[in-house]
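Let us walk through this structure together, one piece at a time. Take a look at the sequence and the model, and then we will begin with a single side chain.

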Amino acid sequence: MGYNSYDVGLFYDCQLESLYLGRNIQYKTGYDYEYSPFCENKTLKSVTIGNSVTSIKSYAFQNCSNLETIKFSNNLKTIGEGAFTGCSKIKELNLPSTLEKIHAYAFENCTGITEL
């Protein structure tokens, strides 16, 4: 990705309201990890995962506190650890039948979910 961030994602302060993710994205995670480019974004409300995406990496949308809607692709196989942690405004999840694995804490503190 070419950026180093230890507290927030690259687009954390952008005024994004909706996002179309058209391909798998890569970033490091681990002890000396970089955050996802979208981590901590406070304006993002809607995410659409395109059909080319098979995996949502760990902490991809961590603490996107205004995220309300996620449209998953029908080719999605994996949702990484903590991918949507802290996204408390999500109310409904429509998971695709192709999903093989949801890692630990993928939806931790998503207290608004009422329908699965």
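Our starting point is Glu40, which is buried, with a relative accessible area of 19%. Here buried means under 20% relative accessible area, exposed means over 50%, and partly exposed lies in between (1.4 Å probe, protein chains only). Before going further, please keep in mind that this is a predicted model, in which local features need pLDDT of at least 70 and side-chain atom pairs count only at pLDDT 80 or more, while totals for chains, interfaces and linings use all residues. Residues are numbered from 1 along each chain as its sequence is written, and side-chain values use heavy atoms, with hydrogens and water left out.

Where does Glu40 lie? You will find Glu40 in the loop between β1 and β2. Strands such as these are DSSP runs (E, at least two residues), as helices are (H or I, at least four), numbered from the N terminus. From its loop, the side chain of Glu40 makes a polar contact with the side chain of Lys42 at 3.2 Å, and another polar contact, of 3.0 Å, links the side chains of Glu40 and Asn63. A polar contact is a pair of N or O atoms within 3.5 Å; within protein, one must be able to donate a hydrogen and the other to accept it, and residues adjacent in sequence count only if both atoms are side-chain atoms.

Side chains of opposite charge can pair when their charged atoms come close. Glu40 and Lys42 form a salt bridge, with their closest N and O atoms 3.2 Å apart. The term asks for a side-chain nitrogen of Lys or Arg within 4 Å of a carboxyl oxygen of Asp or Glu, and by this rule the count comes to one salt bridge. Unlike buried Glu40, Lys42 is partly exposed, with a relative accessible area of 39%.

Now follow the chain into the strands. Strand β1 (residues 18–21) and β2 run parallel and are joined by four bridges; two strands pair if DSSP finds at least two bridges between them. Leu21 stands opposite Ile49 in β2. Strand β2 also pairs with strand β4 (residues 69–71), in the parallel sense, over three bridges, and there Ile70 is the bridge partner of Val47.

In a regular strand the side chains alternate between the two faces of the sheet. Strand β2 (residues 46–49) has Val47 and Ile49 on a covered face, and Ser46 and Thr48 on an uncovered one.

What about the cysteines? A disulfide is a covalent bond between the sulfur atoms of two cysteines. Counted as a pair of cysteine sulfur atoms within 2.5 Å, disulfides number zero in this structure. The sulfur of Cys39 is 6.8 Å from the closest cysteine sulfur, in Cys64, too far for a bond, and Cys39 is buried at 0% relative accessible area. Cys110 is in no disulfide either, as the nearest cysteine sulfur, that of Cys87, is 5.2 Å away; Cys110 is buried too, at 8%.

Our last stop is the segment after β6, where Tyr105 is placed. Most residues other than glycine have a negative phi, and most peptide bonds are trans. Tyr105, although not a glycine, has a positive phi of about 60°, and Tyr105 counts as exposed at 53% relative accessibility. Asn109 lies in the segment after β6 as well, and the phi of Asn109 is also positive, near 60°.
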